[in-house]
Structure formats: structure tokens, C-alpha cells
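User: I would like to learn how to read strand pairing and cysteine contacts in a protein model. Could you take me through an example?

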Amino acid sequence: MTHLVYLDSNVLIDITEGRLDGLRSYVLESAKTAEVGFPFSAAQISEITEYPLTHRCRERLEFVGKMSNNLYFVHSVHDYGFKTRSPYDVWETINEALPEFDEKSFLSELVPFDLMKGAREELGLDPRELNNLSGRAAVEIIDKALSDSVPESASGPRSIRELLEYTKLINRQTFAKQWEAIGTSEAHMTIGSDLHAIFSLLEAFGYWPDTEKIYRKGSRFPDSQHVFNSAHCHCLVTRDKGMKNRAEAVFSILGIDINVLHTEHYISGLGLS
């Protein structure tokens, strides 16, 4: 069976910008065998390119095509799983409808940073303390803080799991008719919803959160998508320490057996310089 490795966008950019030549050579050589595979996703293509395409972006798409042998992981309204597709085709699909729409900027404004930070402080959650804990231990602290914040006589979510169930109920009530109208199902549209929600909630409550500058860029949304995509592989490689730790926590909580490695550790494990 082919060992599938999902490279975060920052790793792809480092490779194509000439900062990881040893890894680049390894990836391209591996693409000639059936032992190791490097599939790509729409989230990667969106982050490593821009509209309209520049020469640099074309070079990145060329590399992704060679790296992946056009093995594409898709989770769209109607498709789910590995397909054979060119990175250029995926780029065109991403940009053909709304090339001027900045999804990250739009989503980053949904929950203001100050509001989220204030909620952490009100619950008594300190990132400096949580970051020293494993994912499971951090969740226990967060759950206790949530439970303590709700009076015994009152109703309300008292844990991350209860927050997830509440979110599912709201989504079902809000989007059920839309899902039916476009010919898909709740089961399909909510694939990975637990993973996405836990990844986001861990940050919201202060487990390896982004800085205010990064938060306002909306980077947590594609990060969550990368983690979801990598859950269909055997290994996730990233140089983002916060994403790495939250990904490990999410996989641990959900019982998903994925190896999560920082770029440096992945390279050293391969014996590359």
C-alpha cells in the first residue's frame, strides 16, 4: 500500500522557493515509485496561487502535478475521495466563479478577535498554561471551565462535545432545505464536521491559538481544511507549530491514527539535509 503524505501549503511554498532542495528531490523521486505518494487538495492550490496566475504560480502548479501524479483529494458538494485531476483544472474550478472573493478575509470577521480573547479570559483559560498540555489534557481543562461557567440550574453546553452537538443541531435547522435543494445530503455535507469544529474550538479556547495578526488573516480556516484532508493520508507535514499541535490534539481526541511532523523532523527522519 502506498504511504500517503500530505504536505501543508507552507511546505510546498518552501520547496518551490528553493528552501528545501533535498526534500524537493526526494518528493520528485518518490513520485516515480508506488511506495510514497503526495496527493494534493484544493486548499493547497488556493493558498499557493493567486488570480490571475503569475509565472511563479505556474511553476508551483507544475511541481504539484509532478509531485502528486495528479492524485487529488476532493470533498465538494457531490464528490468525496481521491480522484485523478490536474492542478491546473482545480485552480480553474476554484477561480471560475468568484475570482475576486476573499474567503479567508470574509470568514475572519465572523468572530472578532477581541470577543474570542475576552471569552477565554472570562473562562479563566490561559494559552500559556494550555500549550504545555497534551490535547486530551487541554480538553479536560476547557471542559471544566465550560461546565463551571454554567449554573447547575441552567441549561447550556458544558463541554466541547456538547458544543459540537449544539452546532450540528443549528446547522441541520439552518441548512437542511438548502442541502436537499442542491441534491446532496446532511451526511455528505457534514463529513469531517467534528474535526473542523474541534480544531477551531481548541484555538478559540486558547490551545495553541494564532496571534492577533495571523487570526485576522483567517488562516485558521484553510488550516482546518488541511488537517481534514490529511486525515485521509498517513502523515501530515507542516512547519506551523500551532497547527501541528492542534492537529495532534484533534487526531488524538477523535482516535485517528495520523503521524504529524514538523518539516525539520520529517526531513531529518528521511536522512536529508
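Analyst: The discussion below turns first to one strand and its partners, then to two cysteines. Please note that the model is predicted.

User: Which strands pair with E6, and in what sense do they run?

Analyst: Strand pairing is read from the bridges between two strands. Here strand E1 (residues 3-7) is joined to E6 by 3 bridges, and the two run parallel. Within this pairing, valine 5 has cysteine 235 of E6 as its bridge partner. E6 also pairs with strand E7 (residues 259-262), in the parallel sense and over 4 bridges. There, threonine 238 has histidine 262 in E7 as its bridge partner. Between E6 and E7 the chain passes through helix H15 (residues 241-254), a β-α-β crossover that is right-handed.

User: Which way do the residues of strand E6 (residues 235-238) point, and are they buried or exposed?

Analyst: Cys235 and Val237 point one way, whereas Leu236 and Thr238 point the other way. All of these residues are buried.

User: Why does cysteine 235 form no bond with the closest cysteine sulfur?

Analyst: A disulfide is a covalent bond between the sulfur atoms of two cysteines. The rule applied here requires the sulfur atoms to lie within 2.5 Å. The sulfur of cysteine 235 has its closest cysteine sulfur in cysteine 233, at 8.9 Å, which is too far for a bond. By this rule, the count is 0 disulfides.

User: Is cysteine 233 buried or exposed?

Analyst: Cysteine 233 counts as buried because its relative accessibility is 6%, under the cut-off of 20%. Cysteine 235 is buried as well, with a relative accessible area of 2%.

Conventions: Residues are numbered from 1 along each chain as its sequence is written. This is a predicted model: local features need pLDDT of at least 70, side-chain atom pairs count only at pLDDT 80 or more; totals for chains, interfaces and linings use all residues. Side-chain values use heavy atoms; hydrogens and water are left out. Buried means under 20% relative accessible area, exposed over 50%, partly exposed in between (1.4 Å probe, protein chains only). Two strands pair if DSSP finds at least two bridges between them. A crossover is right-handed if, with the strands pointing away from the viewer, the path from the first strand over the helix to the second runs clockwise.
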